[in-house]
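Hi there,

Here is the structure I promised to pass on. Have a look at it first, and then read my notes underneath.

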Amino acid sequence: MTTLDREQTRATDVAPEGARPRPLPLMVALPMAVVAGLALLAAFPPYGVWALAPVGVALLAAATHRRRLRAGAGLGFLAGVALFAPLLEWTNLHTGYLPWILLALLQAGYLALLGVATAWVSPLVDRHRWAWPAVTGLLWVGQEALRDRTPFGGFPWGRLAFSQDDSPLLPLAALGGAPLVSFAVALAGGLLVTLAWRDWRRPAGHWRPVAGLTAVLAALLAVGGSVPTGVRGGGDTLTVAIVQGNVPRLGLDFNAQRQAVLNNHVDATLKLAEQVAAGTQRRPDLVVWPENSSDIDPLRNPGAGYRISQAADAIGAPILVGAVLLGPGEGQVRNAGLLWRPGSGPDLDQLYTKRHPVPFAEYVPLRKVARMVSSEVDRVRSDFVPGSRAGVLDAGNVRFGDVICFEVAYDGLVRDTVTGGGQLLVVQTNNATFDVAEARQQLAMVRLRAVEHGRGALMASTVGVSGFVAPDGRVDGATGFNTAAVVVRQMQLGDGRTPATRAGVWPEVALAALAVAALAGAAVLRRRREEVAGG
C-alpha cells in the first residue's frame, strides 16, 4: 500500500486532528434511526428477538456519529419515538391517546440526550477506535440511570436488560444486575458498529481487525452464557399456589365490580382446597393472590374479611392478599400486600405497602397543572400513600420479598427484599387495565430479577400472565391472559447472595462515572481540535 493509499484509508476511519470528519448522509441516517428504534422494539416481548437489541444500538450509534449535537438529538428522538410509542401502546387502551403520547415522548427525550452524547464523543472514538464499543455501552448505562430516576422517580420500562430474558447475556445479571446486562448489550452493539464503520474496499489486511472484533463479540456471548446461576444457599423447598381469579371485564372500571373480583379469588381458592382434600393436588404452604384481588378494604369491611378468612381456613395456609386499604389519612389509600393466616385472619405485622406508587395513575403530582393538560387525572380520586419499609414478609415457614406491579422494574426496591432476608421473590400485579404485551414485558423483568439475586420468583396477576420463575430464569406454569387459573409448584428457597446483590448500585455508579469521563475526554479533544482549526 502506498503512502497516499494509507492517507485515503485513514480519512475514512480516523480523521486527522483538526479536520471535521463527515457523518453518514442525512438521507441514510434518518431511516437508520427509525430502523434502530424498531429493532430495539422487536427485542422486547411480545416479539422477543433479543439479538436485535445490539443491532438497534449499532444503528443509532452509526446514525448519530460525527453529527452536530442538534442533529444527534433529533435522530435519537426519532429512534426513541419508534421504540417507545409502540412499546408503551398498552397505556392508551383505557385512558385515551394523550397519556400514552406524553409518556412516549418523554421517554424518547432520553434517547435524544443519548443522541447528543453519542455525537459529542465522536472525536474520542475516531481517535481511539478500539474504545468505541465500551463508550457506547457506557453512554447507554448513563442514559438508563437517568431515565430510571427522573422525573417523579423515573420509568425504567424499555431498559436494554429487560429485552434479554432469553439471551445468553442474561446470566450477567448475577454479576452486576440490570446495568451490567444493559452495558453488555450496548457493548455488543458498539462492536457491531465498529465492525461496520470502515472502508470495505481495503485489501486483505483489512480483515484482521474485523476478525479480532468478531472474536471479542463471540467471547462476550460465551462469557455471558458461562456465568453460573441458580439458588444461592438454602436448599429447602416450599409449595406455593398462585391464584389468578380474573375479572368480570378488562379496563379501568375492572374494579367497579370489586366484590366479583374478590369472589373470583375466594372461589378459586376454595376449589383448590377441594382438590387438596380429594388428594388430587398438593397442599400449598403459601397462597399468593395478585394486586387488587381485594379492592374492598378487608380490615374495615367485615364481609370482605369473612370471605378471605373462609378461603384461608379452607386451604389451611396463609394467603398473601393484594388489598387496597383505606388511610392512614382522610382521602388516602394504600396499595398493600397483606398476609392473611388461617384461624387468626390478618397479620398486621406482615403488611407491605407499595413504596413506589405510579405517578398519574396511583397519585397525581402537581394535580392543578396536570388537570390543565387532561381532566383524566381526576379519575385518580384518592392519592396512594407510599410505604416506608422493604416488602419482607414472614409467613412462618418462609420469609419472602414482595414487590407490587411496576416496582419490579426498580433495582433497589427488589434488592432490598433480598438483603432484608427474602428467600424467594413475589411480584403481585394487576394487568386488567393493560394487555398481554405489558404482562409479558413484566414477566421478562421477573426473570432478570430471579437471576440477579439467585432466587426463585413468581408473578401473580389478576388476569395473567402469572407464572413461576427458576433462579436461572426459566419460566414454569405460565398462565394465559384474561383467564382464571390456579398453578401450584414447589419452589426452592435461597438465603445466599449473588455478586450483584452484594454490589448493589455500585456497578451502575461505576459505569455511569466512566460515561461522564468519556464525555469529559471528548470535550478535551473537541477543544484541541478547535484550537488547531483556529491556529
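Below are my notes on the salt bridges and on one of the sheets.

Please keep in mind that this is a predicted model.

Salt bridges

I began with the charged side chains. Side chains of opposite charge can pair when their charged atoms come close. In this model the count comes to 17 salt bridges, and a few of them are worth opening in your viewer.

Try Arg447 and Asp165: they form a salt bridge, with the closest N and O atoms 3.1 Å apart. Arg447 belongs to helix α14 (residues 436-453), whereas Asp165 sits in the loop between α7 (132-147) and α8 (173-196), so this pair ties together parts that are 282 residues apart in sequence. Are the two partners buried or exposed? The cut-off for buried is under 20% relative accessible area. Arg447 has a relative accessibility of 13%, so Arg447 counts as buried. Asp165, at 11%, is therefore buried too.

Another network to look at joins Glu144, Asp148, Arg159, Asp411, Arg449 and Glu452 through salt bridges that share partners.

Two further pairs are easy to find:

- Lys354 and Glu362 meet through their side chains in a salt bridge, at 2.8 Å from N to O. Both Lys354 and Glu362 are buried.
- Asp126 pairs with Arg129 in a salt bridge, and their closest N and O atoms are 3.3 Å apart. Asp126 is buried, as is Arg129.

The sheet and its helices

Now for the sheet. It is an open one of 6 strands, in the order β7-β8-β9-β10-β11-β12, and the pairing is mixed. Which strands are at the edges? They are β7 (392-394) and β12 (475-476), each of which pairs on one side only.

At the β7 edge, 3 bridges connect β7 with β8 (residues 399-404), and these two strands run antiparallel. If you would like a landmark there, Leu393 stands opposite Phe400 in β8.

Helix α13 (residues 411-419) packs on this sheet and touches β7, β8 and β9 (425-429). The direction of α13 makes about 165° with that of β8. Helix α14 lies across β9, β10 (457-461), β11 (467-469) and β12, and runs at about 160° to β10. You have met α14 already: it is the helix that holds Arg447, the partner of Asp165.

Do write back once you have had a look, and tell me which part you would like to go through together.

Best wishes

Key
Residues numbered from 1 in each chain as written. Predicted model: local features only at pLDDT ≥ 70, side-chain atom pairs only at ≥ 80, totals over all residues. Heavy atoms only, no water. Salt bridge = Lys/Arg side-chain N within 4 Å of Asp/Glu carboxyl O. Buried < 20%, exposed > 50% of the residue type's maximum accessible area, 1.4 Å probe, protein only. Helix = DSSP H or I, 4+ residues; strand = E, 2+ residues; numbered from the N terminus. Pairing = 2+ DSSP bridges. Contact = heavy atoms within 4.5 Å. Axes fitted to C-alpha atoms, helices over the stretch in contact; angles between N-to-C directions.
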